[in-house]
Amino acid sequence: PPGVPGDLDRRLREIPTDGSPVALPAPPVLATCAGYLRARHELNAGYVEQIRRDCGQPLVVLPYCAGGVSGADALAAFAEPLLDGTIAS
């Protein structure tokens with residue numbers, strides 16, 4: 001979003017979890033990021049619903065792979081819903 005540092009996700013991941021004091025982005029920046037993520041989620045959900053409605057076919061729900069799919073184990077986990085018939089209505 002405008003006004004949000006492009007590396008904010010990396011900076012937030014680097015915040016120590018041991019209770020050390022850190023300087024966080026200002027609350028309006030965090031609120032902007034949260035609002036942006038919520039809006040993207042709602043937009044994507046709307047697209048999925050439109051595809052389901054337009055196609056008239058059931059949807060297969062695939063797992064979210066943050067780091068991508070690499071290696072046989074990751075590919076098997078990604079493909080499992082395709083192979084076992086797990087369908088979302």
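Here is a quick tour of this chain, from its overall make-up down to one surface patch. Keep in mind that what you're looking at is a predicted model. It's a helix-only affair as far as secondary structure goes, with 3 helices and 0 strands, so to speak an α-α-α pattern when you read along the sequence.

**Confidence**
- Averaged over the chain, pLDDT comes to 79, and 90% of the residues score at least 70.
- Confidence is highest in helix H2 (residues 27-55), with a mean of 88, and lowest in helix H1 (residues 8-13), with a mean of 77.
- As a rule, where pLDDT is low, don't read the predicted coordinates in detail.

**Helix H2**
- H2 runs for 29 residues, and its first and last C-alpha atoms sit 42 Å apart, close to the 42 Å expected at 1.5 Å a residue.
- Right after H2 comes Gly56, which has a positive phi, near 70°.

**Burial and contacts**
- Just 8% of the chain's 89 residues count as buried.
- The chain exposes about 7000 Å², with 60% of that supplied by carbon and sulfur atoms.
- Take the contacts between residues at least 6 apart in sequence: 42% of them join residues at least 24 apart.

**A nonpolar patch**
- On the surface, Leu12, Val22, Leu24 and Leu30 make up a nonpolar patch, and together they have about 300 Å² of accessible area.
- Val22, one of the patch residues, is found in the loop between H1 and H2.
- Val22 counts as partly exposed because its relative accessibility is 38%, which falls between the 20% cut-off for buried and the 50% cut-off for exposed.

How values were computed
Residues numbered from 1 in each chain as written. Predicted model: local features only at pLDDT ≥ 70, side-chain atom pairs only at ≥ 80, totals over all residues. Heavy atoms only, no water. pLDDT = per-residue confidence, 0-100. Helix = DSSP H or I, 4+ residues; strand = E, 2+ residues; numbered from the N terminus. Expected span 1.5 Å × (residues − 1). Buried < 20%, exposed > 50% of the residue type's maximum accessible area, 1.4 Å probe, protein only. Contact = heavy atoms within 4.5 Å. Areas by Shrake-Rupley, 256 points an atom, 1.4 Å probe, with all protein chains shown as cover. Patch = residues over 30% accessible without salt bridge, like charges linked within 9 Å, V, L, I, M, F, W, Y side chains within 5 Å. Salt bridge = Lys/Arg side-chain N within 4 Å of Asp/Glu carboxyl O.
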